[in-house]
Amino acid sequence: MPMIELTAPAGALTEAGRASVQRDLAALLLKWEGAPDNEFFRSVAWTYLHELPAGAQTTAEDDAPRFRVDVRVPVGALSDRRKAGLVGEATTLVLAAAGLGEADAMRVWVLIHEQPEGTWGAGGQIVKFAELKALAQGTK
């Protein structure tokens, strides 16, 4: 039950990038989690796009747009190798959605938040990682 939030300054994404970035990020996270590409897992891979108003994001150096990708997954869903792959591909995806190149990679920060067991609820009940894993493996 992954969740991704992309925070970006308004107008920083291209028109095409804005239209596709959320579904692309969701598909990317499902890939790195090793979840099956099926209706159920696509339906629980939520994304949010937070566009900041002009002047709401800056650095001490300049006002060039920066992007934050917050990823929430259950503890144990991503190995270190999978985290690294997710960070690399999410960075590339966001840069492309903004019409930027690899030289701007430091403008994209990916923060992975691992949700402890027993702290994720959906449908009025606690969701256990083992249950999700069983669903993904087709054993439940």
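Okay, so before anything else, one term: two strands count as paired when DSSP finds at least two bridges between them. And keep in mind that what's on screen is a predicted model.

With that in hand, look at Val71: it stands opposite Ile112 in strand 4. Val71 belongs to strand 3, residues 67-74, and strands 3 and 4 pair in the parallel sense over eight bridges.

Zooming out, those two are part of an open four-stranded sheet, order 2-1-3-4, and the pairing is mixed. At the edges you've got strand 2, 46-52, and strand 4, 108-115, each pairing on one side only. From one strand to the next, the twist averages 15°.

Now, what lies across strand 1, strand 3 and strand 4? That's helix 3, residues 80-97, which runs at about 140° to strand 4.

On to the packing. The largest nonpolar core has 26 residues, and Val71 turns up again, among those with the most contacts inside it, along with Leu6, Leu13, Leu25, Phe67 and Val69. Strand 1, helix 1, strand 3, helix 3 and strand 4 each put in at least two residues. Which element gives the most to this core? Helix 3 again, with six residues.

Let me pick on Phe67 for a second. Leaving out residues up to four places away in sequence, Phe67 touches a whole list, including Leu6 and Leu13, then Val94, and also Val108 and Trp109.

And there's another core, lying apart from that one: six residues, among them Ala26, Leu30, Ala35 and Ala45.

As background, nonpolar side chains in soluble globular proteins do tend to be buried together. Okay, that's me done.

Conventions
Residues are numbered from 1 along each chain as its sequence is written. This is a predicted model: local features need pLDDT of at least 70, side-chain atom pairs count only at pLDDT 80 or more; totals for chains, interfaces and linings use all residues. Side-chain values use heavy atoms; hydrogens and water are left out. Axes are lines fitted to C-alpha atoms, for helices over the stretch in contact, and angles run from 0 to 180 degrees between N-to-C directions. Contact means heavy atoms within 4.5 Å. A nonpolar core is a set of buried Ala, Val, Leu, Ile, Met, Phe, Trp, Tyr and Cys residues joined through side-chain atoms within 4.5 Å. Buried means under 20% relative accessible area, exposed over 50%, partly exposed in between (1.4 Å probe, protein chains only).
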